[in-house]
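Biologist: Please guide me through one strand and its surroundings, and then through a single residue elsewhere in the chain.

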Amino acid sequence: MIGILFAIIGLPNDTLTTSPQHLDEVVVVSRGQGGKRSAKGQVASIDEHLRELSHVELVRRGSYAWEPMVNNMQTERLSTTIDGMKIFYACTDKMDPVSSYVESGNLQSISLSSGLNGNPQATGNIGGALDLRLRKAGFGAAPRAATVTAGYEGNGHLQVYGADGAYSGQSVYVNGGAFYRHAGNYKAGGSREVEFSQFQKVNAFVNGGLRLTANDIAEATLIADRATDVGYPALNMDVAKAEAIITSLAYKHLFNDSKLETWETKVYYNHITHIMDDTKRPDVEIHMDMPGKSWTAGAYSLLTGSAGRHTARLNIDGYYNRLFADMTMYPGGAAPMYMVTWPDVGTLNVGAALADDIRLTASSTLHFTGKLSWQHQRLNSDEGYQALSVFFPGMQQQYHQTTGRIAASYQLQSAASLFSAGIGWGSRAPTVTEAYGYYLNNTFDQYDYIGNPRLKNESAIEVNANYQISFFNSQLSIGLDANAFFFYNYIIGQFERRLSAMTVGAEGVKVYGNIPHATIANISLSADWQPLKELRLTAKGAYSLGRDDEGDGLPLIAPLSYLSRLTYTTGRLSVMAELKGHARQSKYGAKYGETPTAAWTIVNISAARQFSADNSQFSVRAGVENLFDRHYATYADWCHIPQKGRNIYLNLTFEL
């Protein structure tokens with residue numbers, strides 16, 4: 001849709017997808033060429049890679065597991081997949097977004113499709129779709145390869161260690177590895193320690209492939225991820241354990257001498273367990289146990305082909321997910337109190353998606369994408385059903401919805417410019433939290449939230465445009481990017497003064513409801529100037545606006561932001577200086593409990609040097625973040641928890 005890029009990211013030759021993939025942006029995590037890359041390289045966290053993408057901001061509740069937002073929309077309006085696999089978080093407070101269950105060591109890249117231009121497996125992606133692509137050795141690559149990484153950050157004493165290895169033959173490949181992170185409490189600007197910001201995590205993975213015939217292969221993936229002792233300074237509780245098992249088995253076929261090109265079918269299963277913990281917090285009035293679990297089994301089948309001016313992709317997918325969460329409170333010497341917060345909701349979703357790239361002329365293309373999905377939900381917990389029935393008499397134990405999206409964009413490219421414009425419509429069903437959540441405390445506005453099983457589907461119309469032009473033999477390029485989303489039946493929490501809060505200290509109760517309409521609009525201006533071969537200056541400014549049906553500001557809408565980078569590269573040495581910041585947040589969602597944040601500006605510097613000998617390569621990356629130790633918080637820092645102060649880091653990577 002916006003600024004469509006054909007990204008070649010150096011994938012191994014096991015990939016059977018030959019059709020162009022429409023992506024708005026790609027960030028490279030592991031080996032590969034093209035796309036963006038974090039200054040910290042492969043040692044960077046998934047969150048640090050994500051913030052390199054345009055349209056992406058991150059809600060931060062601590063040092064670990066930041067929640068991605070795309071086009072100023074949170075998880076409810078996004079689709080996040082891992083190699084096309086649907087995965088659902090298991091925490092009612094969104095402490096564990098999908099991106100928290102993988103590591104840089106097992107990812108090749110992260111791709112972004114902005115707005116309704118989702119990938120084939122995306123569902124409910126009004127704001128956008130993120131797909132985290134796994135790194136696989138592939139067939140016919142280097143027979144053997146190994147990588148060892150290590151990193152250290154002074155602020156919080158973050159330690160990162162990783163190792164992986166790969167074998168590649170003509171008929172078999174296998175690669176696997178492990179990654180470990182450990183951090184203590186970090187310090188904000190001015191050396192102020194932020195308590196309960198520690199974490200530790202280990203991630204292990206293995207991928208394998210078997211060539212069945214010249215045109216048929218089978219692939220398997222297993223990921224095990226476990227995080228423990230994770231602190232969340234912006235919340236009332238921490239996490240004792242968050243663990244996931246992610247598995248998949250895929251079959252791929254390449255067609256010869258046919259209008260059909262590839263056919264890929266994948267089945268997958270994942271299980272997530274998330275246990276909150278408040279035992280390490282001082283002065284806890286009522287101790288609580290809050291475990292949550294998520295199970296997902298699914299499959300998709302993707303067929304690609306081309307004929308004449310058309311390049312098409314047809315995808316059929318389906319998944320079944322169960323979400324269950326409960327809470328037990330221990331009020332001193334009194335008897336424990338128990339309630340179900342997610343009533344074991346089973347969701348069955350099946351859908352069909354079609355995309356077609358129509359080459360109109362040598363310089364113009366029409367891109368079309370659409371998807372239709374049917375969903376059935378059932379409350380498996382009678383106790384949870386009975387609790388919600390008190391507020392919604394006559395509610396059913398089973399519901400079904402039909403959702404869809406359709407979008408089209410036109411692209412015109414010349415030697416010095418690129419123009420694209422698009423329009424789309426999409427809808428989404430309410431999430432389990434929005435429809436069935438029961439007394440979920442939100443520390444952002446200090447209200448308890450209750451779901452509403454009678455919510456209507458939310459829908460939106462998107463319009464977008466992008467224009468890029470270059471001058472002086474492409475030494476200077478300027479880009480303008482804009483989109484707007486016009487929502488109908490927008491879902492948001494609404495005051496319910498007839499109910500009393502259950503959480504100690506909560507201001508009251510909100511029940512999710514539909515408001516007639518809302519609007520979110522985003523615009524950005526970017527420039528890239530390369531006056532010398534070794535010198536490059538990039539700059540970008542962005543502004544967003546969000547309004548509800550009464551003209552009041554929506555929460556978590558980014559204020560004016562800016563970023564500029566000066567990079568000097570000579571041979572294998574690269575040095576970068578970065579200036580970034582936000583203006584004061586003046587148009588905030590006061591009605592929804594949001595408070596303003598002050599303007600801030602920070603400076604980061606970094607350097608990278610590569611060394612090579614024989615068949616091995618060694619790289620060193622070092623830098624200083626927040627050079628002047630500024631004490632600040634962004635609009636997306638939950639409850640205004642401050643960001644890190646000055647942080648010196650050193651990362652080492654050895655590849656054999």
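**Strand β4 and residue Ser 373**

Modeller: In this predicted model, Leu 78, Thr 80 and Ile 82 point one way from β4, while Ser 79 and Thr 81 point the other way, and all are buried.

Biologist: How many residues of strand β4 are buried?

Modeller: In a regular strand, side chains alternate between the two faces of the sheet. In β4, Ser 79 and Thr 81 point the other way from Leu 78, Thr 80 and Ile 82, yet all are buried. The strand, residues 78-82, is thus mostly covered, and the number of buried residues is five of five.

Biologist: Which residue of β7 is the bridge partner of Ile 82?

Modeller: Strand β7 spans residues 128-134 and runs parallel to β4, with five bridges joining them. Within β7, the bridge partner of Ile 82 is Leu 132.

Biologist: Which residue in the hairpin of β4 and β5 takes a positive phi?

Modeller: Strand β5, residues 85-86, pairs with β4 in the antiparallel sense over two bridges. One of the residues involved is Lys 86, the bridge partner of Thr 81. Two residues lie between the strands of this hairpin, and the one with a positive phi, near 50°, is Asp 83.

Biologist: Is Ser 373 buried or exposed?

Modeller: Ser 373 lies in strand β20, residues 364-379. Leaving aside neighbours within four places in sequence, its contacts include Thr 123, Asn 349 and Gln 401. The cut-off for a buried residue is under 20% relative accessible area. Because the relative accessible area of Ser 373 is 4%, this residue is buried.

Conventions:
Residues are numbered from 1 along each chain as its sequence is written. This is a predicted model: local features need pLDDT of at least 70, side-chain atom pairs count only at pLDDT 80 or more; totals for chains, interfaces and linings use all residues. Side-chain values use heavy atoms; hydrogens and water are left out. Buried means under 20% relative accessible area, exposed over 50%, partly exposed in between (1.4 Å probe, protein chains only). Helices (H or I, at least four residues) and strands (E, at least two) are DSSP runs, numbered from the N terminus. Two strands pair if DSSP finds at least two bridges between them. Contact means heavy atoms within 4.5 Å.
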